[in-house]
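Colleague: Please take me through this model and justify each structural term as it is used.

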Amino acid sequence: MARILIVEDEDGLRKGITLTLRREGYTVDSACCVREAEEYLKEQGYELIICDIMLPDGSGLDFGAKVRRETDSYLMYLTAMDTETDIVNGYESGADDYLTKPFSLMVLVSKAAALMRRRNERTGERLCSGDIVVSLKDMSVTKGGESISLSKKELKLLVYLMEHAGRIVTKENITEHIWEYDGQFLDDNTVPVNISRLKNKLKTEAIGNVRGLGYLWTEKVDRK
């Protein structure tokens, strides 16, 4: 799934946006200031960055200009600054979209989805690792050219592992991003059982178990 970075200093709003986008299936990181956002950028690539303009340690416009120079991420501003000049300045700094406060979370979700569709059309949005190919555009999986039937949760788990290829993700990380927000009760075996099912369906050893730490996708993943 697409990875999104939220940069917003208002704690309640930041948490609300994060939870809403995660429910929609996105992988979401959140930062409360420019410094924290820049640290995330050093470690991760993002398909979309949603950024407030007035931040406690700097200007979101300056951070957005940096994003535009150094990444190919889409950029959406959130701000209470809603004059015509403010909006023009936002677009001139490189914004792909602009949302003024207060706003509906569903409008934000709609705008994010529209930007992701544009990105999908531009990149094809396929995750490829060996003979395993995941199409994020139509949510399908093939292995050696043959279709593999996965449940919604198994597909989300596969995408999450592949998007974090080479990095250990804990059972808690997986639970948070795949199950936590849909109201399901989980026991300690939920993640291991689903990992095992996924490995069996894909007939792959690319999913490694790092004892006491978590899981990782051990093979190279290319996004095409």
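**Terms and their grounds**

Modeller: Strands β12 and β13 form a hairpin with 3 residues between them, and Gly212 in the turn has a positive phi of about 80°. This is a predicted model, in which local features need pLDDT of at least 70 and side-chain atom pairs count only at pLDDT 80 or more, while totals for chains, interfaces and linings use all residues. Residues are numbered from 1 along each chain as its sequence is written, and side-chain values use heavy atoms, with hydrogens and water left out.

Colleague: What makes β12 and β13 a pair of strands?

Modeller: Strands (E, at least two residues) and helices (H or I, at least four) are DSSP runs, numbered from the N terminus. Two strands pair if DSSP finds at least two bridges between them; 4 bridges join β12 (residues 207–210) to β13, and the strands run antiparallel. Val210 has Gly214 in β13 as its bridge partner.

Colleague: Which way do the residues of β13 point, and are they buried or exposed?

Modeller: In β13 (residues 214–217), Gly214 and Leu216 point one way, Tyr215 and Trp217 the other way, and all are buried. Buried means under 20% relative accessible area, exposed over 50%, and partly exposed in between (1.4 Å probe, protein chains only).

Colleague: Why is the contact of Tyr77 and Tyr98 called an aromatic pair, and of which type?

Modeller: Rings of Phe, Tyr and Trp (its six-membered ring) pair if their centres lie within 6.5 Å; planes under 30 degrees apart count as stacked, over 60 as edge-to-face and the rest as tilted. The structure holds 1 such pair. Its centres, those of Tyr77 and Tyr98, are 6.4 Å apart with 70° between the planes, hence edge-to-face. The pair links distant parts of the chain, Tyr77 in strand β6 (residues 74–79) and Tyr98 in strand β7 (residues 97–100), 21 residues apart. Both Tyr77 and Tyr98 are buried.

Colleague: How do you know that Cys32 is in no disulfide?

Modeller: A disulfide is a pair of cysteine sulfur atoms within 2.5 Å, and the count comes to 0. For Cys32 the nearest cysteine sulfur, that of Cys33, is 4.2 Å away, so Cys32 is in no disulfide. Cys33 is likewise in no disulfide, with the sulfur of Cys32 as its nearest at 4.2 Å.

Colleague: Why does Cys32 count as partly exposed, and why does Cys33 count as buried?

Modeller: Cys32 counts as partly exposed because its relative accessibility is 29%. Cys33 counts as buried because its relative accessibility is 8%.
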